[in-house]
Amino acid sequence: MLWFQGNSMPLARSAFGLFLRNCCASKTALPVLTLFTKDPCPLCDEAKEVLKPYKNRFILQEVNITLPENSVWYERYKFDIPVFHLNGQFLMMHRVNTSKLEKQLLKLEQQSTGG
């Protein structure tokens with residue numbers, strides 16, 4: 001089970017660690033679901049609960065937008081958290097859209113297996 005949280009870790013510096021986790025986890029690299037959040041964030045907490053059934057299908061990386069090194073993300077998402085990116089691309093905001101998440105995860109899984 002991979003469930004990664006790195007609230008204080010800047011996105012760029014954590015990329016290598018995520019790469020290593022992906023390589024060690026399985027022969028097929030798991031996608032990275034990035035949650036842009038802050039503390040406290042009740043909607044983010046609710047979103048993480050909704051994500052629990054999917055947690056073996058991705059690595060969750062949390063980015064605290066209130067940290068100085070994440071000021072770009074703060075300016076972009078300060079009124080919209082939770083915001084999710086999947087493998088670095090915007091996926092959804094405000095609430096987890098499970099059908100959209102499932103569709104994108106299936107797409108990535110099919111690509112990684114060559115199907």
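User: In what sense do E1 and E3 pair, parallel or antiparallel?
Analyst: This is a predicted model, so read what follows as computed from it. E1 and E3 are joined over 4 bridges. One residue pair in this match is Leu 35 with its bridge partner Phe 84 in E3. The sense of the E1 and E3 pairing is antiparallel.

User: And in which sense do E1 and E2 pair?
Analyst: Strand E1 covers residues 32-37, and 6 bridges tie E1 to E2. Val 32 sits opposite Ile 59 in E2. For E1 and E2 the sense is parallel.

User: Which hand does the β-α-β unit of E1, H2 and E2 have?
Analyst: The two strands in this unit are E1 and E2, which pair in the parallel sense. Helix H2, residues 42-51, is the α part of the unit. The β-α-β unit is right-handed.

User: How many residues of strand E2 are buried?
Analyst: Start with the two sides of E2: Ile 59, Gln 61 and Val 63 point one way, while Leu 60, Glu 62 and Asn 64 point the other way. Residues on both sides are buried, Glu 62 and Asn 64 included. E2 is therefore largely enclosed by the rest of the structure, with a buried count of 6 of the 6 residues.

User: Which residues of E3 are buried on the side opposite Val 83 and His 85?
Analyst: E3 is covered on both faces. Val 83 and His 85 make up one buried side. The buried residues on the other side are Phe 84 and Leu 86.

User: Which residue takes a positive phi in the hairpin of E3 and E4?
Analyst: E3 and E4 (residues 89-93) run antiparallel and are joined by 4 bridges. Within that pairing, Val 83 has Met 93 as its bridge partner in E4. The hairpin has 2 residues between the strands, and the one with a phi near 50° is Asn 87.

User: What does the side chain of His 85 make a polar contact with?
Analyst: His 85 belongs to strand E3, residues 83-86, and is buried, with a relative accessible area of 6%. Beyond four places away in sequence, His 85 touches residues including Val 32, Leu 33, Phe 90 and Leu 91. Its polar contact has a distance of 2.7 Å, and the partner is the side chain of Tyr 77.

User: Are the rings of Phe 36 and Trp 73 stacked, edge-to-face or tilted?
Analyst: The count of aromatic pairs comes to 3. For Phe 36 and Trp 73, the ring centres are 4.5 Å apart and the planes stand at 40°. Planes under 30 degrees apart would count as stacked and over 60 as edge-to-face, so this pair is tilted.

User: How many residues apart are Phe 36 and Trp 73?
Analyst: Both Phe 36 and Trp 73 are buried. Phe 36 lies in strand E1 and Trp 73 in helix H3 (residues 71-77), so the ring pair links distant parts of the chain. Their separation in residues is 37.

User: Which residues do ring pairs link into a cluster?
Analyst: Trp 73 and Tyr 77 form a stacked pair, 5.9 Å centre to centre with 10° between the planes. They are 4 residues apart in helix H3, so about one helical turn separates them. Both are buried: Trp 73 has a relative accessible area of 18% and Tyr 77 of 6%. The cluster consists of Phe 36, Trp 73 and Tyr 77.

User: Is the disulfide of Cys 41 and Cys 44 right-handed or left-handed?
Analyst: The structure holds 1 disulfide, and it joins Cys 41 to Cys 44 with an S to S distance of 2.2 Å. Cys 41 and Cys 44 are both buried. The torsion about the S-S bond is about 65°, so the disulfide is right-handed.

User: In what order do the elements of the protein chain run?
Analyst: The protein chain has 4 helices and 4 strands. Of its 115 residues, 37% count as buried. Counting from the N terminus, the order is α-β-α-β-α-β-β-α.

How values were computed
Residues are numbered from 1 along each chain as its sequence is written. This is a predicted model: local features need pLDDT of at least 70, side-chain atom pairs count only at pLDDT 80 or more; totals for chains, interfaces and linings use all residues. Side-chain values use heavy atoms; hydrogens and water are left out. A disulfide is a pair of cysteine sulfur atoms within 2.5 Å. Buried means under 20% relative accessible area, exposed over 50%, partly exposed in between (1.4 Å probe, protein chains only). A polar contact is a pair of N or O atoms within 3.5 Å; within protein, one must be able to donate a hydrogen and the other to accept it, and residues adjacent in sequence count only if both atoms are side-chain atoms. Contact means heavy atoms within 4.5 Å. Two strands pair if DSSP finds at least two bridges between them. A crossover is right-handed if, with the strands pointing away from the viewer, the path from the first strand over the helix to the second runs clockwise. Rings of Phe, Tyr and Trp (its six-membered ring) pair if their centres lie within 6.5 Å; planes under 30 degrees apart count as stacked, over 60 as edge-to-face and the rest as tilted.
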